[in-house]
Amino acid sequence: MCAVPRFSIIVPAHQVHAYLPECLESVLSQSFTDFELLAVDDGSPDGCGGLLAEAAGTDRRVTVLRLPEPGGPGPARNAGMLHARGDYVLFLDSDDALAPGALQAVADRLEDTAGPDVLVFDHERAFWHGRIERSVPAGMLDHREPQVFRAQDRPGLLRLPAVAWNKAYRREFLLRGGLRFPPGAYEGVPFTWWTLLTAEAVTVLDRVCVQHRRRRSGGLLAQAPRRHFDVFGQYDRVFALVGEQQRFARWRPMLYRRMSDHLVSVILAPGRLPRSARAEFFRRSGKQCARYRDAAGRTDLRHLLLRLGARRTFRLLWAAGSLRRRLRAAVRAVRGPLMRTYYRIHLRRRVDPALAVFAAPAEGGYAGDPAALEATARRLVPGLRTAWVGTAEEAPDLHRRVRRLQPGSAAHWRALARAKYLVTSGDVEPGLRKRQGQTLVRTHVGTPLAREGLDLGNHPVAGLGTDFATLLSRIDAWDYSVSANRHSTLARERAYPGAYTTLEYGAPRNDVMYRATADDVARIRAELGVPPGTVAVLYAPAERDYLRGRPRLDLARLAHTLGPGFTVLDGGAPRGPHRSATRLCLAADVLVTDYAPLMFDFANLDRPIVIHADDWETYRATRGTYFDLTTAPPGPVVRDLPTLVRLFHSGAWRAPQGAELRAAFRERFCPYDDGHAAERVVRAVFLDGAGLAPVVPPHERRPAPLPPPAPRVVRPAETLRSTRSGV
């Protein structure tokens, strides 16, 4: 008897032979291989049948089911479910694709949450014209407590797209509930409500697992636009469900709102309904809303007009709203050209040799290399006036001698036109034309592990949307590129080819690592809320192109499992003046990170570093890296949360072997970080190299002292066993 696969993946196919090979390949090439693929030929008249037969002939995991005549995706999926053997069932449309590593991520999450009835994951929409956007609003799929829940705990999930292919379903749960797809279009609406409302155990995965193709033409609804009218019957089915059982009555107001929003979206979507059917669809929508008006609750004007059948007033209201939106867009559009004209006028004035403008886009305010260079230049360069680009919230404590420039303001553009020196860690304003006599210094956000610049050309997931021609024109404006080490120099001179001069002098942002005192560290820890005598664990995740937001670890769960004696600092939270990366590093006893560039900075402190590489293969495949971190790490490497917790409870996180790894890591990536990197860069750029100091030898460097040692926390074996089972 064949072993039961972990997943049954059901793919209905009908007139999609141009997209079907890519769909099948996205499944069959997954790193997780314990699955069966049930491909259902839904009476397709094109070449789908041949393509499916070919796939089944070359991969025994593929089973082809053929229906005698087209029935639509719902009946086709039902046919697949009758033959499914897997523990969990997933659905995939035949013009969509699974993201790399998706099945492994789903399998890991199911294991971590003890096999729930339903797992909801994210998807992205890939439009025919090239734009890609994530579907689920940020935070909706966060891994917060409770990890497993019922729909009443997170009703927001019922506002997500009502489709079948953004979930994994336990097959036993589907069989026990007799859950099947109804016929007709919008079949995912009742199926989604049925599964989420009846599931006793639901969990989420904050990861893009499916790329949903939005085709320019084709698709079931485009081929038969009258099928949009099926939506009324589908919502009738859901209202019938919630009416059958009293426990579901509380969902009627949300269901009404979801239905009315859905109907309005169909009405307003350009080109969705044929002109001849628009009045009829509006009339049917009004009757549908009137039928369930007892569930309406608060109703806004748009939905009220729909229910009353006031189509002309509805159209006038929508037209007025569109006009307001266009007027606001016009004002924004006019302001841009006006500011650029203002900028061009000031380009005719002479360059101000005593003015330097500094900016650190996306670094949380006055931070990073530009902030360190600004403070040093203000101290060393006689007569220099400095200005910082940022909002009042980003830089509330600027030195009184530093002028703040509001981004996009007239003063900002005037300074960009006239400043002798421009120092930035990101792209300057679009439209900037570096003039003769100006000097542009480009700093970078950390040492590169992930590929950058032109090197992203071979990694389409990470490089999607990158305008390489514009990137090259910006590189041509650089006069200097600040580099922390030889690795950074070699990587970035290839990724950003240009005629600039590389200043391989160390990372200015890390100077404070050697200048902070024990009192500074104690004060920062107190301001961040670290109790005296505890181990401060800084978690700093890297951004991923296939995931939304950060962090990957559930920090509340990690803190609870570590228990007393540990404080977890969130390095993935939004940065600000008082939560800069440097302050977090100085406060921490140990860094836990996956692939964040912060590890190269933290290494200067000679404090333990733990690498949590749970998806290293996927990250490396999608983003690309300059070296294999797992073979040359700055500390122990763990692959999952239980191992991470055991590492801390046993005390192995600060074992002597870690010190040896850190030493080799510092030698490679921190050769010039000695507390004087900013001074070397400033003297090279602003003072023509006068007084350039040599690098302090490694054995003479003294990083900021460690916080007072915390008592070693080692749990008894019995307690540790119970903790492991709960991770």
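Select helices H20 and H24: H20 passes H24 in a right-handed crossing, the term for a near helix turned clockwise from the far one by less than a right angle. H20 spans residues 555-562 and H24 residues 641-650; their axes come within 10 Å and cross at roughly 40°. Axes are lines fitted to C-alpha atoms, for helices over the stretch in contact, with angles from 0 to 180 degrees between N-to-C directions. Helices (H or I, at least four residues) and strands (E, at least two) are DSSP runs, numbered from the N terminus.

This is a predicted model; local features need pLDDT of at least 70, and side-chain atom pairs pLDDT 80 or more, while totals for chains, interfaces and linings use all residues. Numbering starts from 1 along each chain, and side-chain values use heavy atoms, without hydrogens and water.

Now show side chains. Arg 557, Leu 558, Thr 561 and Leu 562 of H20 meet Leu 641, Leu 644, Val 645, Phe 648 and His 649 of H24. Contact means heavy atoms within 4.5 Å.

Next, the sheet. Seven strands form an open sheet, ordered S12-S11-S10-S13-S14-S15-S16, with parallel pairing. Pairing takes at least two DSSP bridges between two strands. S12 (402-405) and S16 (501-504) are the edges; each has a single partner strand, so one side of each lacks a neighbour in the sheet. Neighbouring strands are turned by 25° against each other on average, direction ignored.

Zoom to S10 (352-359) and S11 (385-389). Five bridges join these parallel strands. Ala 359 has Val 389 in S11 as its bridge partner.

Finally, add helix H13 (368-380). H13 packs on the sheet, touching S10, S11, S12 and S13 (419-424), its direction about 150° from that of S10.
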